[in-house]
Structures are given as C-alpha cells and as structure tokens.
Amino acid sequence: MAHPGASLMSVIADAFGGRPQGVPEPWRERVLRGAPVESTRVLSPLFGPGSVLVPDCLTLTASLTTTDVGRQLEQLRDLSADVLVGQLEADFGGLLPPVWRQVVERPRRFVVAYARVLEAAWRAFAPIWAAAAELRDRDSARVDAAAGDLSALLGGLRGRLRVDGDAIRLPDPHPEVFDRGDRGLVLVPLVSGPSASIFSVDRPDVVWLGYPLPGLASLAGGAPAPRAADALELVLGAMRARILLTVDGGPAGPVARRTGCSPSTLSYHCSGLEAAGLIHRERSGQQVLLRRTARGDALIALFAR
C-alpha cells in the first residue's frame, strides 16, 4: 500500500538522522533547505546514540489506514504531553535513554518543534511524492501480479530486504527474531532511495515492511527509464524475468536452454511464476508445455508502455 508518511520518515532519517536510505542528493538538499534551523537538534532523540525505537505517537505510520499527511500532522500538533510521556515510559520500561530525557523535561515544547520540522519536510517532499504517482501505480500492478509470492515481490529489489525461504531478513543494528504468527503482512513502497528500509515488527495487528519503490533512479534524473526487460528484472528477479519473456507455449526444454538454467532450476522458478498466475504449465506426453497467461502478457505490456 502507498503511504506517504512512511516515505517521509525514510527521507527524514536519511537527511537528518544519519540513517542512509539512498535518498538522491537533490531531494535531500530540497528537504534540508526548507528545514527550520533547529531541525537536527529537535530530531536528535529519534536518531541519536542509543536510540533504537521511535514512539508510535511520533511517527506518521501509527495508522496505516490514514494516508493524509496533513491530517496526521494536525493530530501530531495536538498530541498531549501526557500521552507522549506515557508512551515513552511504556516503551522503555522506566529506563529512559539519555537522548529522550530532554523530551520528558519539556514534552509540549518538543511536540510543537517536532511538528514544525515535519511540516516543513512535507512541504519540500510533497511534490516528489506526487511526481512518483505513475511509478506507484506501476508497482501496485506488480504487487497484484505477484499474488503474494514474497520472492517475486522482494527478491529482485535492490534494497536491503532479503527473502530467505519463509524468513525475511531486515537490516537492523540490534538483530532479533520475530514470529509474525497470524498477523497480516503489509508491504509499503518507499519513495525515498534505493537502499530505503523502515519497518515495524512489534505491532499487535500487522507487520509492515517498507521497500524501495522500483524505478526511483529515473524519477530522480539519475538514469533513463528502464527498458521493459530491465524493469521486469527489477520486480521479478533476473531469471524469472528471462523465463517469462522466453515462454512461448512450447516445451520447457528449449526455455531452459535459452535462459541458461538447469531443468530443476527452471522448474523451481516456473513454480513461482505459476503461483503468481503469470504462466501455465501443462503436460503433453513426455513434455511440459509452458505458456504465458493473460496476466503474464499484461505484466509485460505494462512495462513495455
């Protein structure tokens, strides 16, 4: 799901917090130029040494259903000092890190300054978010076509998320293992940078993961728009993209030879493509015939436009 607040928090982490997200320099400069002079000081509790989490009440992703940043900023301005202090105490179990002590001493002053910094950052970033509308629509179609196949969704991206069997590996300086259980999984494309990665794994309702929106380099002016085959590699992975483009309704053997993979490797990738509804396998005598589905043709056509 597209969520501008998640992208804005990623940009802020890069520009002010020393948490590299790969934000293009022109975008970073745009946000920094419009920032209040106290921005780095105000944001220091969120990104300073020893800071490992941000209270939900200070994020723009506390609600994944509310994507109106203007409304979220209004709610942030109205945040009470008692709510902020109470959440800090609950999050840190009474062992408040030094970086947050200044906030507890004057919580209302912090809230006002923090809201002002985020408002300025959003004014600078909003045109970038709007310019990414076509890329976001294209990615939404990619996610629909993948039909829940995490390897297809995340495996070909150039960010720091990694799919390892049934596990998803996330970059974190304080590694832990979390069991998703029966919680839903929400994938959030980030309009920030190619190494963007922000996420939340401790909510009781869902786990949400931010990943780099494919094609950002072209939006930032760093590279020409990718060819259809290149774009497919970004979203499906190189081998599955080659297989999808090669499948023509004939037997699997020639497809394996033309794509340079073994029969077992071809079978593995075809299973993923078939699960995503992009190809169909049908046995005919001693051979397995491979053909693209209407969804597979539509995906290729989407990136060819």
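**Exercise 1. Work out in which sense strand 4 and strand 5 pair, and how the sheet is ordered.**

Step 1. Strand 4 and strand 5 pair in the antiparallel sense, over two bridges. Strands here are DSSP E runs of at least two residues, and helices are H or I runs of at least four, both numbered from the N terminus. Two strands count as paired if DSSP finds at least two bridges between them. The model is a predicted one, where local features need pLDDT of at least 70, side-chain atom pairs count only at pLDDT 80 or more, and totals for chains, interfaces and linings use all residues. Residues are numbered from 1 along each chain as its sequence is written, and side-chain values use heavy atoms, with hydrogens and water left out.

Step 2. One bridge joins Phe199 to its partner Leu209 in strand 5.

Step 3. Strand 5 (residues 206-212) also pairs with strand 3, in the parallel sense over seven bridges. Here the partner of Pro189 is Tyr211.

Step 4. The three strands therefore make an open, mixed sheet in the order 3-5-4. Strand 3 and strand 4 (199-200) are its edges, each pairing on one side only.

**Exercise 2. Decide what encloses strand 3 and what lies across it.**

Step 1. Of the seven residues in strand 3 (184-190), five are buried, so the strand is largely enclosed by the rest of the structure. Buried means under 20% relative accessible area, exposed over 50%, and partly exposed in between (1.4 Å probe, protein chains only).

Step 2. Helix 1 (residues 4-17) lies across strand 3 and strand 5, at about 60° to strand 3. The angle is taken between N-to-C directions, from 0 to 180 degrees, with axes fitted to C-alpha atoms, for helices over the stretch in contact; contact means heavy atoms within 4.5 Å.

**Exercise 3. Place Thr67 and find its contacts.**

Step 1. Thr67 sits in the loop between helix 3 (39-47) and helix 4 (69-77).

Step 2. Its relative accessibility is 34%, so Thr67 counts as partly exposed.

Step 3. Beyond neighbours within four places in sequence, Thr67 contacts Met1, Ala2, His3 and Pro4. The C-alpha atoms of Thr67 and Ala2 are 8.1 Å apart, although 65 residues separate the two along the chain.

**Exercise 4. Find where helix 7 bends.**

Step 1. Helix 7 bends by about 40° at Phe125. The bend is the angle between axes fitted to the seven residues ending at a residue and the seven starting there.

Step 2. A proline, Pro127, follows within four residues.
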